[in-house]
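Here are some short exercises to work through with the model open beside you. Try each task before you read its solution.

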Amino acid sequence: MMKKTLLITGGAGFIGSHVVRLFVNKYPDYHIVNLDKLTYAGNLANLKDLEDKPNYEFVKADIVDSEAMLNLFRERQFDGVIHLAAESHVDRSISNPTEFVFTNVIGTVNLLNAAREIWKDNSEGKLFYHISTDEVYGSLGSEGMFTETTGYDPHSPYSASKASSDHFVRAYHDTFELPALVSNCSNNYGSFQFPEKLIPLFINNIRNNKALPVYGKGENIRDWLWVEDHARAIDVIFHQGKVGETYNIGGHNEWTNIDLIKLMCAIMDRKLGRESGTSEKLITYVKDRAGHDLRYAIDSTKLQNELGWVPSLQFEEGLEKTIDWYLANEEWMNNVTSGDYQSYYEEQYQKR
Ligand code: NAD
Ligand code: TYD
């Protein structure tokens, strides 16, 4: 196998940490550089098991710093980039949209410029792989699924910023022949997810007997995929995907929020030795999220047919595994929810 120097951005975050772990362990001949700013969402504790691996290196940097990106790319001459660094939470994008423009749009363009610069004379075998979301396609009614040709129709500042970055990646491919591709994935769940997102937040609240704030009527639908299946898809697409293409990644696993929350409550009652029905009493209906997309559902036929990827885990099994992980890793949860987190969360909750 050819020795490659690979940049993974956002590797200290939720999905990034799973991607870094997979690549470091599976490809001992690659040199993996994990670049992360370590925002509130980035946590090196997510990668503790990799600290001593000879093919792994961490660089603390901000992708919004164009000069730092250019210097790093010139110095390291990356062969490939897997770009995950982003501001990723819809609710935060509603309270502070501008931060999402800086990191998600300008940060991505800075990386594209740096890749273009170092690959300008020879881009053979190089790849800029941009990780995106199905939220760029907007919201579905009760029928249909997002395919790779669905038009973009983002509604939240988060999805608008991701849509913009996707367009820039494709524009650099079309205009400058930068070898690039994009994948758009549905909602991920699993270990190391920051507890502002639905599943880890509610696991933590159930454990601590805190209210479960359900937005609106809880009828919104999300298509959940186990994070390690997303990481496997990223591996397959990075190595076998066609430059210039888009791949949708999803689990064919749609749940209304309320059904999912009730399932989590039932599993948690059993795990915590509580009488059945106890945790459901924590459900509290609160003001809906502004611009709340009704339904996401991904058609991943292209990825399955062309590259042979299929999700490995049934949802009920994955959810149970995920709950077990959070219950066994209380210290991780307590660390990430200490400091500024409590006041941020209380403030968000009060607003509703
Ligand atoms: P996350 O918020 O857990 O992690 C993001 C990481 O990026 C953090 O480690 C953070 O420190 C880092 N980061 C943020 N701003 C940075 C900057 N300016 N410079 C360098 N690093 C910076 O997010 P996640 O859920 O792991 O999502 C990762 C990627 O996958 C994002 O691009 C997101 O849009 C995409 N995605 C997420 C989901 C999902 O369900 N979570 C689904 C589809 C796509
Ligand atoms: P989230 O995990 O924020 O992911 P996304 O908005 O990117 O899909 O939310 C998942 C769903 O759960 C979404 O429909 C909003 C809803 N939700 C709640 O009802 N209450 C909450 O406290 C949170 C964080 C989300």
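**Exercise 1. The shell around ligand 2**

Work out how the residues of the shell around ligand 2 divide into nonpolar, polar and charged, and find which residues come nearest.

*Solution.*
Step 1. Sort the shell by residue type: eight residues are nonpolar, five are polar and five are charged. Keep in mind that this is a predicted model.
Step 2. Look for the nearest neighbours. Of the 18 residues around ligand 2, those that come nearest are Glu135, Pro213, Arg222, Arg289 and His292.
Step 3. Check the polar pairs. A nitrogen atom of ligand 2 lies 2.7 Å from a backbone N or O atom of Pro213. An oxygen atom of the ligand is 2.9 Å from a polar backbone atom of Tyr215, and an oxygen atom of ligand 2 is 2.8 Å from an N or O atom in the side chain of Arg222. Each of these pairs falls within the 3.5 Å cut-off for a polar contact.
Step 4. Ask how much of the ligand is covered. On its own, ligand 2 has 510 Å² of accessible area, and the protein covers 97% of that.
Step 5. Trace the shell back to secondary structure: α6 (198-207) and β8 (212-215) are the elements that give two or more residues to it.

**Exercise 2. The shell around ligand 1**

Now do the same for ligand 1: which residues are closest, and which element gives the most to the shell?

*Solution.*
Step 1. Count and pick out the neighbours. Ligand 1 is surrounded by 29 residues, and the closest are Ile15, Asp36, Ser88, Tyr158 and Lys162.
Step 2. Sort them by type: 13 are nonpolar, 11 polar and five charged.
Step 3. Turn to the backbone. An oxygen atom of ligand 1 lies 3.0 Å from a backbone N or O atom of Thr39, and a nitrogen atom of the ligand lies 3.0 Å from a backbone N or O atom of Ile63. A polar backbone atom of Leu84 is 2.9 Å from an oxygen atom of ligand 1.
Step 4. Add the coverage: the protein covers 97% of the 830 Å² of accessible area that ligand 1 has on its own.
Step 5. Assign the elements. At least two shell residues come from each of α1 (14-26), β5 (127-133) and α5 (157-176). The most come from β5, which gives three residues.

**Exercise 3. Buried or partly exposed?**

Decide whether Thr9, Asn205 and Val101 are buried or partly exposed.

*Solution.*
Step 1. Recall the cut-offs: buried means under 20% relative accessible area, and partly exposed means between that and 50%.
Step 2. Take Thr9, in strand β1 (residues 5-9). Its relative accessible area is 0%, so Thr9 is buried. A polar atom of the Thr9 side chain lies 3.0 Å from the backbone nitrogen of Ala85.
Step 3. Go on to Asn205, in helix α6. With a relative accessible area of 2%, Asn205 is buried too. Its C-alpha is 45 Å from that of Arg116, and the two are 89 residues apart in sequence.
Step 4. Finish with Val101, in helix α4 (residues 97-118). Val101 counts as partly exposed because its relative accessibility is 41%. Val101 and Pro157 are 56 residues apart in sequence, with 8.5 Å between their C-alpha atoms.

**Exercise 4. Positive phi in loops**

Find where Gln77 and Asn209 are placed, and what phi each has.

*Solution.*
Step 1. Gln77 is in the loop between α2 (66-76) and β4 (80-83). Its phi is near 50 degrees, a positive value in a residue other than glycine.
Step 2. Asn209 is in the loop between α6 and β8. Its phi is about 55 degrees, positive although Asn209 is not a glycine.
Step 3. Add the accessibility. Gln77 is partly exposed at 44% relative accessible area, and Asn209 is partly exposed at 49%.

**Exercise 5. The whole chain**

Describe the chain as a whole: how many helices and strands does it have, and what is its radius of gyration?

*Solution.*
Step 1. Count the elements: there are 12 helices and 13 strands.
Step 2. Compare with the globule rule. The radius of gyration is 20 Å, close to the 20 Å the rule gives for 352 residues, so the chain is as compact as a globular protein of that length.
Step 3. Give the extent: the C-alpha trace spans about 65 × 45 × 40 Å along its principal axes.
Step 4. Add burial: 55% of the 352 residues count as buried.
Step 5. Consult the record. An unreviewed UniProt entry places the feature "domain: NAD(P)-binding" at residues 7-322. Over that range the chain is 40% helix and 17% strand, with the end C-alpha atoms 28 Å apart.

Note on methods. Residues numbered from 1 in each chain as written. Chains lettered and ligands numbered in written order. Predicted model: local features only at pLDDT ≥ 70, side-chain atom pairs only at ≥ 80, totals over all residues. Heavy atoms only, no water. Helix = DSSP H or I, 4+ residues; strand = E, 2+ residues; numbered from the N terminus. Buried < 20%, exposed > 50% of the residue type's maximum accessible area, 1.4 Å probe, protein only. Near = heavy atom within 4 Å. Polar contact = N/O pair within 3.5 Å; in protein donor to acceptor, adjacent residues only side chain to side chain. Areas by Shrake-Rupley, 256 points an atom, 1.4 Å probe, with all protein chains shown as cover. Nonpolar A, V, L, I, M, F, W, Y, C, P; charged D, E, K, R; others polar. UniProt positions renumbered as here; feature names shortened; annotations may be inferred. Rg over C-alpha atoms; globule rule 2.2 N^0.38 Å.
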